[in-house]
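Here's an informal walk through a two-chain model, starting with a working definition and ending with how the chains meet. Keep the structure open as you read.

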Amino acid sequence: MGLFDIGSMSAEVKEYYDIVIIGAGPAGLTAAIYARRAGLTVLVIEKAIEGGAVTQTHIVENWPGEISIEGQILGQKFADHAKHFGAEIHYAFAQKVTAEREYKIVEFDNGSTVKCKVLIIATGTEPRKLGVPGESEFRGKGVTYCAACDGYLFKDKDVVVIGGGDSACDESHFLAKIVNSVTMIQNLPYLTAAKVLQERILNDPKIKVVTNHVVKEIRGNKKVEEIVITHNETNEETVIKTDGVFIYVGLLPKTEIVKDVVTMNDYGYIITDENMETNVPGIYAVGDIRIKSLRQIVTATADGAIAVEHAAKKYL
Amino acid sequence: MSLLAEKDKKYLEDLFEKELENNVKLIFFYDDDNAEYCDLESQLLDELRELSEKIVVEKYPKNSEKGSEYNIEFAPALLLTLEDSKDRGVRFYGVPSGHEFATLIQDIVTFGKDARPQLSEETVAKLMELDKPIRISVFVTPTCPYCPKAALTAHSLALASDKIIAEVIEANEISDLSEQFGVSSVPHIAVNRNPDKFFVGAFPEPQFLQQLLELSE
Ligand SMILES: Cc1cc2nc3c(=O)[nH]c(=O)nc-3n(C[C@H](O)[C@H](O)[C@H](O)COP(=O)(O)OP(=O)(O)OC[C@H]3O[C@@H](n4cnc5c(N)ncnc54)[C@H](O)[C@@H]3O)c2cc1C
């Protein structure tokens, strides 16, 4: 991100587009690129900023062609690419989706609507809650899910990061540059992140890793002061003093707006065929939101391309 | 050295040319405290003014007659108004930088169309029923992707109701206030400057308004 970023400027919304895409992450933006290159009109709806979850990622090192790139910059590149080919991005919450025979209608949070022939759901995921006492009580009082947003508010303080996967390790590494100390709490006996990320963590003198412990409670007075963890086998309790708790324990699909429209599995991920089409003709789902075995940028972008290729032939 | 990149300047010049129908006034307040940030924002405003004849910039010390007239508490502060300089409750404390710069640009475009916000009829109807003033303090950071939406919603509500003041506060720069309010996760939206009355996160317009109204009871 530049010092002054004009990325998230809204396009004026027209009445109709061939394709409307909800979510400006890698999946949605790739769909937009393919749609524009096929000569279709396309609107992307985004409630936060363009780039999606990638923009909150510290460093990406598995997007082919970029050995190591800041998530922020990669997300911006995806968006610039889509806009270069004329994709329009509108900043609003998509609140409601209705499917008529030929047209799909999307309603924004200010009540206005847009119509399209093909709708692509690319809403991604959101952080999973830990589900322990104190978590919701101290949300906004030390409990957070976004190191990119809130990291600097904990400058020179002591924080804990819950989780041991890629995200937890990547964000701990980022936080260690700002805060006084990071203590990672992982429930398994080992970290599950990619080996390169693990090595980075283990070599960072500011990061301490505590494995084999689960979080029992987050406590404090007006704000977070300590967390209580218990050992998996011995059940022994340990109290760790901390100023902040960053939670990275997995993801949940963001399917709220289409839950009554398309079919999902028990976990809320959208079911599609190999062309990314849902059970409703003309509605597609791409990226992290659909059932798949690997949720990464490369698979998200591939989904976007496949969906548009199919939709353009079938409906447009 | 210029703060805005050449390609961004070109984009903004075209945007303002196309979108601004009337003059927009940016009233800026500076102080010796936070001088570094004040200088930065001052230069930013100079560069914006260069991009459109419809952008008018006025600058005053925070501790001045103008400062008291608009009840400016911190610097840097930025107020947006129409030509008449009438306070519409739309302000920034701290530099609107990073993702928040887009909020400023969006605000300028809105003011450039007679300061008419784009809110739903339900929202406008609920605002008409307000019988007491509400102050919305939206704490943000420049790196927060969810903040512009919260900031813009707050500013739109202020434009739709003369009972509402919406201040967007950069939490790192105005650190005394954000510490006093215990801000640890942004966007942090405090109501009526009461540290105990707040909500966190970006919400769609109806939910934002609902939480605001409940907390202002
Ligand atoms: C911390 C972290 C680190 C990661 N590191 C890597 C990595 O190194 N390499 C890698 O390949 N992958 C990584 N990933 C995973 C990668 O970010 C995702 O797989 C990818 O972003 C999925 O893309 P997507 O387009 O499906 O969804 P997302 O990127 O999640 O984008 C969805 C977008 O939809 C928007 N949206 C949701 N609901 C609505 C609505 N109702 N209205 C409007 N807009 C809406 C959201 O705001 C969001 O911008 C990481 C993820 C995280 C969280």
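A residue counts as buried when its relative accessible area is under 20%. Keep in mind that this is a predicted model. With that cut-off in hand, take Lys9(B): its relative accessibility is 18%, so Lys9(B) counts as buried.

Where does Lys9(B) sit? You'll find Lys9(B) in helix H1 of chain B, which covers residues 6-19. Leaving aside residues up to four places away in sequence, Lys9(B) touches Ser2(B), Leu4(B), Glu47(B) and Leu51(B).

Now switch to Leu26(B), which belongs to strand E1, residues 24-30 of chain B. Leu26(B) has a relative accessible area of 0%, so it is buried too. Again setting aside residues up to four places away in sequence, its contacts include Leu45(B), Ile55(B), Val56(B), Val57(B) and Glu58(B). Leu78(B), Leu79(B), Leu80(B) and Ile108(B) are also touched by Leu26(B).

Each of these two residues can be paired with a partner from elsewhere along the chain:

| Pair | Separation in sequence | C-alpha to C-alpha distance |
|---|---|---|
| Lys9(B) and Glu50(B) | 41 residues | 9.4 Å |
| Leu26(B) and Arg91(B) | 65 residues | 9.7 Å |

Let's zoom out to chain B as a whole. Its secondary structure adds up to 8 helices and 8 strands. The radius of gyration is 16 Å, close to the 17 Å from the globule rule for 217 residues, so chain B is as compact as a globular protein of that length. Along the principal axes, the C-alpha atoms fit a box of roughly 45 × 35 × 35 Å.

How much of chain B is buried? Of its 217 residues, 59% count as buried. Among contacts in chain B with a separation of 6 or more, 74% come from residues 24 or more positions apart. On the outside, chain B exposes about 9,200 Å², with carbon and sulfur atoms supplying 46% of that. As for charge, chain B carries 22 positive and 41 negative side chains, and the centres of the two sets are 4 Å apart.

Finally, the meeting of the two chains. Interface size is often quoted as the accessible area lost when the parts come together. Here, the area buried between chain A and chain B is about 3,300 Å², and carbon and sulfur atoms give 61% of it. Phe4(A), Ile6(A) and Met9(A) supply 23% of what chain A buries against chain B, more than any other three residues. In terms of contacts, 34 residues of chain A meet 46 residues of chain B.

Definitions and conventions. Residues numbered from 1 in each chain as written. Chains lettered and ligands numbered in written order. Predicted model: local features only at pLDDT ≥ 70, side-chain atom pairs only at ≥ 80, totals over all residues. Heavy atoms only, no water. Helix = DSSP H or I, 4+ residues; strand = E, 2+ residues; numbered from the N terminus. Rg over C-alpha atoms; globule rule 2.2 N^0.38 Å. Buried < 20%, exposed > 50% of the residue type's maximum accessible area, 1.4 Å probe, protein only. Contact = heavy atoms within 4.5 Å. Areas by Shrake-Rupley, 256 points an atom, 1.4 Å probe, with all protein chains shown as cover. Lys, Arg positive; Asp, Glu negative; His and termini not counted. Charge placed at Lys NZ, Arg CZ, Asp CG, Glu CD. Buried area = accessible area lost by both parts, 1.4 Å probe.
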